[in-house]
Structures are given as C-alpha cells and as structure tokens.
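Trainee: I have a structure open on my screen and I'm not sure how to read it. Could you walk me through a few features?

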Amino acid sequence: MTFGDIIGQEEVKEHLHRLLHENKLPHAIMFCGPKGAGKLPLALAFAQMLLCQNPADDGACGLCSDCQMSTLWTHPDLHFSFPIYKGKSGDKPVSDDFLQEWREQISLSPYFDIEDWLEDIGAENQQIVIYVQESDNLRRKLMLKASQGGRKVVVLWLPERMNEQTGNKLLKLIEEPPIGTHLLLVSQEPDLVLGTIQSRVQRINVPALPEDVISKALQERRGMQADDANRLAHIAQGSYTNALKRIRSDSEQHLFFDLFVQLMRHSYARRIKEMHQWSLTVAELGRERQKRMLGYFQQQLRENFIYNFQQAEINFLGREEENFSTRFAPFINERNVIGIMDELSCAERDIAQNVSARMVFFDLALKMIVLLKHG
C-alpha cells in the first residue's frame, strides 16, 4: 500500500513524508479523526513506508523485499494490536489470536469500522477490549532484533479500548521504546485514551473527507455514475467507510426501508391485522438485524423531520427514501418527533435485553397510531 492508494488527505500525507525525510520522526504518533476518514489506511501506508528500503515521494517503493512482504501484511517487523474478546484463548487473549482475520480484513479493505470487525470475528454480542497481557506480548516481540535489520513498527488500532491497567503498562513502552521502534496509534475517540499516553504521542488529526473526494473515489474505484456517486457521497457524511457499507448493505437497506414504510402506513391507517402481521415478520429477523433496523428507523425519523425545513445540505436521504419523504415528512413535526424517537429507542433497548420481539414490535406499532394521528 502506498499513499496513492489512500483517498484524499493530501495534507496529512505531505506532513508524514516531511517528518520522515527531514528526520523529525517521533517514535509514537496517534492518528485521530472521525470514522471512515482514512486513519487506519494512513497508518498502514506509513508503516510500510517506514519499513521500505527505498521510500519514494508517494510512499513505499513497492519493489524491495520489505515492500513485497508488507503487501500481504506479513512483514516480520510489522506488528498489530487491536481490540478482541476472550473467545479463542481463555483467560489471556492477545491480538495474535485473531491475526489471520485481521490480515484478511485489511487485505480486503483497510476502510472498515468496529462493526465490521465485530462481524469478522463473530463477536457481535461481545465487548471487545485490548487486554493487559497485550502490552507484555508487544514488549517481548519488540525486544527482539529487527529481522530485516531496519525499523520495527507497531500499528495499534483503537487505543481507547484499553483499560487503565493496560494503558499504564503500554505507557512504559511508549516512553522507552526499543531502538528503531515506532508506534502508530489509530484512534476514533482520542479523548478516551489515557491522558498520560495522549501527552507522549504526536497527534495527527485526519479530517472527514469532502464529498467531492468521496464521489471521485466511488466513480474511479467502484464504477458508479456521477449522479449516484454524488448522492452517496453526500449521504456518507465524510466517511468513505459509510459509503462502502451503504453499497454492501443495499439489500438490507432496502428491506429496512420497506419495513419502515409499512409500519408508518399501517399505523396511520389503523390496520391492526396488518400491524400484527408486520410485527410477526420483523420478529423473525434475529436480534442483531432488529437492532440495526431500529437504528435505521431512528435515522429515517431524523431525516424526515429535517426534510420539512427544505435544507438539502443537511438532509441525507437516498433517492427512494426521498421520494417517500415528500409525502410522509409533514406527519413528523415538533409535536411528535421526540415521542416517536423515544419509542424507537425503548424498543431497541428492549430487543437488546431479550424481551419478546413479537411483543416489542406490536406494542411499537400500536403506539405509532397515537403518535402519528396526534402529530
């Protein structure tokens, strides 16, 4: 991976290139910014550049043995650390237990988020963290001599997932790293990272991507037509990851949209029989999909409320969604928007707590009658 593979972020790329070639490279850098802006891809490309024998202006040369090994993310001097769960190694899990899944994911696309990672490792219902033994495992690996005789690099994804004990042990490694070692931290919520770690790393802010940059990437890399790419880039709200997820989840998104339309139409018309059948259908989706669906419903409620203000720049609707909103949005207003949002939020909470899905969704449908009629 070179800087040329990364979407946008030209100023950040120039800054990293300057740090390396002016010999001002700190031993610990933390990339910070919103989801989907390219923090992890930047860290991976920079890691490869650090390991490269002959780095070029746009990153790693792609020709030397180090670059060829790094292409498959198996370079012996490139180490990864990321949040995991205890599903594979009992009481002392470390990132190496999930290294194969990690390499497969970043080889497929480095633009992914924690939801994608949870799905990859089968941990949708798990709390993933960076455990305290991770710092000991890293120290053992970094104390070894670099196998290629050059630098050693650690890419640590989501350091905010460390508890205080883990952070304190890692702090010692950041303060006194072995010679030739560089740590690249990638954080989405840097304010949750241990304060002492924040003070000992050089922070590089990675801003959200402009819509035109996302649109161009969708056209060049995904073959999308300009109009479709522009609309999707607007919906993505500065995140290329969001744009990719929207492409991948088109079928599920369409299902959720149909269910949202059915709920609102049946409830407004007081079709009790159809509402009951709707709740039975939704109850068969499975709890993880039900939670995603309710999250989608809340997003649609927000978009329909804002649609009334006719401010296209702050509306993020797909073409089909917008067509529905032209007729439905007037029914969502100041008198009922908070009540409907509260009911959707409560339903999501109840589903997460394993309350009967049939009861939750039929109750939700019945409450929509009152909220829509009195809005």
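Mentor: Sure, and keep in mind that this is a predicted model. Let's begin with a pair of helices, α9 (residues 211-222) and α11 (residues 240-248).

Trainee: How do people describe two helices that pack together?

Mentor: In general, two packed helices are described by the angle between their axes and the distance between the axes. Here the axes of α9 and α11 come within 10 Å and cross at roughly 45 degrees. That angle is neither under 35 degrees nor in the 65 to 115 range, so α9 counts as oblique to α11. The crossing of α9 past α11 is right-handed.

Trainee: Which residues of α9 and α11 meet?

Mentor: From α9 you have Ile214, Ala217, Leu218, Arg221 and Arg222, and they meet Tyr240, Ala243, Leu244 and Ile247 of α11. Sorted by class, this contact has seven nonpolar residues, two charged ones and no polar ones.

Trainee: Okay, next: what about the largest nonpolar core, how many residues does it have?

Mentor: That core has 59 residues, and those with the most contacts inside it are Leu16, Phe31, Phe80, Trp102 and Leu184. Helix α2 (residues 39-51) gives the largest share, ten residues. Try clicking on Leu184: leaving aside residues up to four places away in sequence, it touches Ile29, Phe31, Ala43, Phe46, Ala47, Leu50, Val153, Val154, Val155 and Leu156. Another core, of 34 residues, lies apart from the largest one and includes Phe257, Val261, Trp278 and Leu285.

Trainee: And helix α6, is it mostly covered or mostly open?

Mentor: Mostly covered: α6 (residues 133-142) has seven buried residues out of ten. Those are Gln133, Glu134, Ser135, Asn137, Leu138, Lys141 and Leu142. They pack against two strands you can find at 78-81 (β2) and 152-157 (β3), and also against α7 (164-175) and β4 (181-187).

Trainee: Last one. What should I look for in the phi angles?

Mentor: Look at the sign. Most residues other than glycine have a negative phi. Gln9 goes the other way, with a positive phi of about 60 degrees although it isn't a glycine. You'll find Gln9 in the segment before α1 (10-21).

Trainee: Is Gln9 buried or exposed?

Mentor: Gln9 has a relative accessible area of 10%, and the cut-off for buried is under 20%, so Gln9 is buried. Now look at Leu158, in the loop between β3 and α7. Its phi is also positive, near 65 degrees, and with a relative accessible area of 7% Leu158 is buried.

Definitions and conventions:
Residues numbered from 1 in each chain as written. Predicted model: local features only at pLDDT ≥ 70, side-chain atom pairs only at ≥ 80, totals over all residues. Heavy atoms only, no water. Buried < 20%, exposed > 50% of the residue type's maximum accessible area, 1.4 Å probe, protein only. Helix = DSSP H or I, 4+ residues; strand = E, 2+ residues; numbered from the N terminus. Contact = heavy atoms within 4.5 Å. Axes fitted to C-alpha atoms, helices over the stretch in contact; angles between N-to-C directions. Parallel < 35°, antiparallel > 145°, perpendicular 65-115°, else oblique. Left-handed = near helix turned anticlockwise from the far one by under 90°. Nonpolar A, V, L, I, M, F, W, Y, C, P; charged D, E, K, R; others polar. Core = buried A, V, L, I, M, F, W, Y, C linked by side-chain atoms within 4.5 Å.
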